[in-house]
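Good morning, colleagues. Please take a moment with the sequence and the structure before I begin.

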Amino acid sequence: MKLEKKLMIGIFLKREEKDKQKEWQILLLSLKEEGNFVVADFVCPTPEARALFPADFVIWVDTIKEGRFDDTNKMFVKPDKFNFQVTSQDAVLWAPKILLEIEKK
């Protein structure tokens, strides 16, 4: 399977903006239904937050012990389901490995 880059969206949401989260969720799901690849980059500290975005491929970037927001650190639950785990900050190393895993799907 050849991976085509069709769309890339970066999401930066504040925790208290529930309405915007819902708007992004609807937009991203509709783009996905149209056959686009959607890449979302955001912190999902809980299983409930992860359930809001039904991802086909999850990359857990596990490179820091604590984030800069204490409230997020307190609620963070390590994901038990993911497709790929990144354990160091080295995009040159990880990017080709991630691409190979995505192409297997």
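I shall go through the confidence, the fold, the core, the salt bridges and two loop residues, in that order.

I must say at the outset that this is a predicted model. The mean pLDDT of the protein chain is 81, and 80% of its residues reach 70 or more. Which element has the lowest confidence in the protein chain, and which the highest? Helix 1 is the lowest, at a mean of 76, and strand 2 is the highest, at 97. The start of the chain calls for a separate remark. Over residues 1–15 the pLDDT stays under 50, although the model has 35 contacts beyond four places in sequence for that stretch. Where pLDDT is low, the predicted coordinates should not be read in detail.

Let me turn to the fold. The protein chain contains four helices and two strands, and along the sequence they follow the pattern α-α-β-α-β-α. Of its 105 residues, 16% count as buried. The chain exposes about 8500 Å², and 57% of that area is supplied by carbon and sulfur atoms. As for contacts with a separation of 6 or more, residues 24 or more positions apart account for 64% of them.

Next, the interior. Which residues make up the largest nonpolar core? There are five: Phe 57, Phe 84, Val 86, Trp 94 and Ile 98. At least two residues of this core come from strand 2 (84–86), and at least two from helix 4. Ile 98 deserves a closer look. Setting aside residues up to four places away in sequence, Ile 98 touches Phe 57, Ile 59, Phe 84 and Val 86. Three of these contacts may be read against the core list, which includes Phe 57, Phe 84 and Val 86.

I come now to the charged pairs. Side chains of opposite charge can pair when their charged atoms come close. How many salt bridges does a search of the whole structure find? It finds three.

One of them joins the side chains of Asp 56 and Lys 32, with an N to O distance of 2.9 Å. Asp 56 lies in the loop between helix 2 (47–51) and strand 1 (59–61), while Lys 32 belongs to helix 1 (residues 18–33), so this pair ties together parts that are 24 residues apart in sequence. Asp 56 is exposed, because its relative accessible area of 53% is over the 50% cut-off. Lys 32, at 31% relative accessibility, is partly exposed.

Another salt bridge is formed by the side chains of Lys 74 and Asp 70, at 3.2 Å from N to O. Both residues are in helix 3 (residues 70–75), and since they are four residues apart, about one helical turn separates them. Lys 74 is exposed, with a relative accessible area of 67%, whereas Asp 70, at 47%, counts as partly exposed.

There remains the bridge between the side chains of Glu 101 and Lys 104, which is 3.0 Å from N to O. These two residues lie three residues apart in helix 4 (residues 91–104), about one turn of the helix. Here Glu 101 is partly exposed, at a relative accessible area of 26%, and Lys 104 is exposed, at 64%.

Finally, I would draw attention to two aspartates in loops. Where is Asp 62 found? Its place is the loop between strand 1 and helix 3, and at 27% relative accessibility Asp 62 counts as partly exposed. Apart from neighbours within four places in sequence, Asp 62 is in contact with Gln 85, Val 86 and Thr 87. With Gln 85 there is a polar contact from side chain to side chain, at 2.8 Å. Asp 62 also lies 9.1 Å from Lys 78, C-alpha to C-alpha, with their positions 16 residues apart in sequence.

The other aspartate, Asp 90, is in the loop between strand 2 and helix 4. It too is partly exposed, at 34% relative accessibility. Its C-alpha atom is separated by 9.8 Å from that of Thr 63, which is 27 residues away along the chain.

To close, I would ask you to keep in mind the five-residue nonpolar core, the three salt bridges, and the low pLDDT, under 50, over residues 1–15. Thank you for your attention.

Key:
Residues are numbered from 1 along each chain as its sequence is written. Side-chain values use heavy atoms; hydrogens and water are left out. A salt bridge is a side-chain nitrogen of Lys or Arg within 4 Å of a carboxyl oxygen of Asp or Glu. Buried means under 20% relative accessible area, exposed over 50%, partly exposed in between (1.4 Å probe, protein chains only). A nonpolar core is a set of buried Ala, Val, Leu, Ile, Met, Phe, Trp, Tyr and Cys residues joined through side-chain atoms within 4.5 Å. Contact means heavy atoms within 4.5 Å. Accessible areas come from the Shrake-Rupley method with a 1.4 Å probe; for residues, only the protein chains shown count as cover. pLDDT is the predictor's confidence in each residue, from 0 to 100. A polar contact is a pair of N or O atoms within 3.5 Å; within protein, one must be able to donate a hydrogen and the other to accept it, and residues adjacent in sequence count only if both atoms are side-chain atoms.
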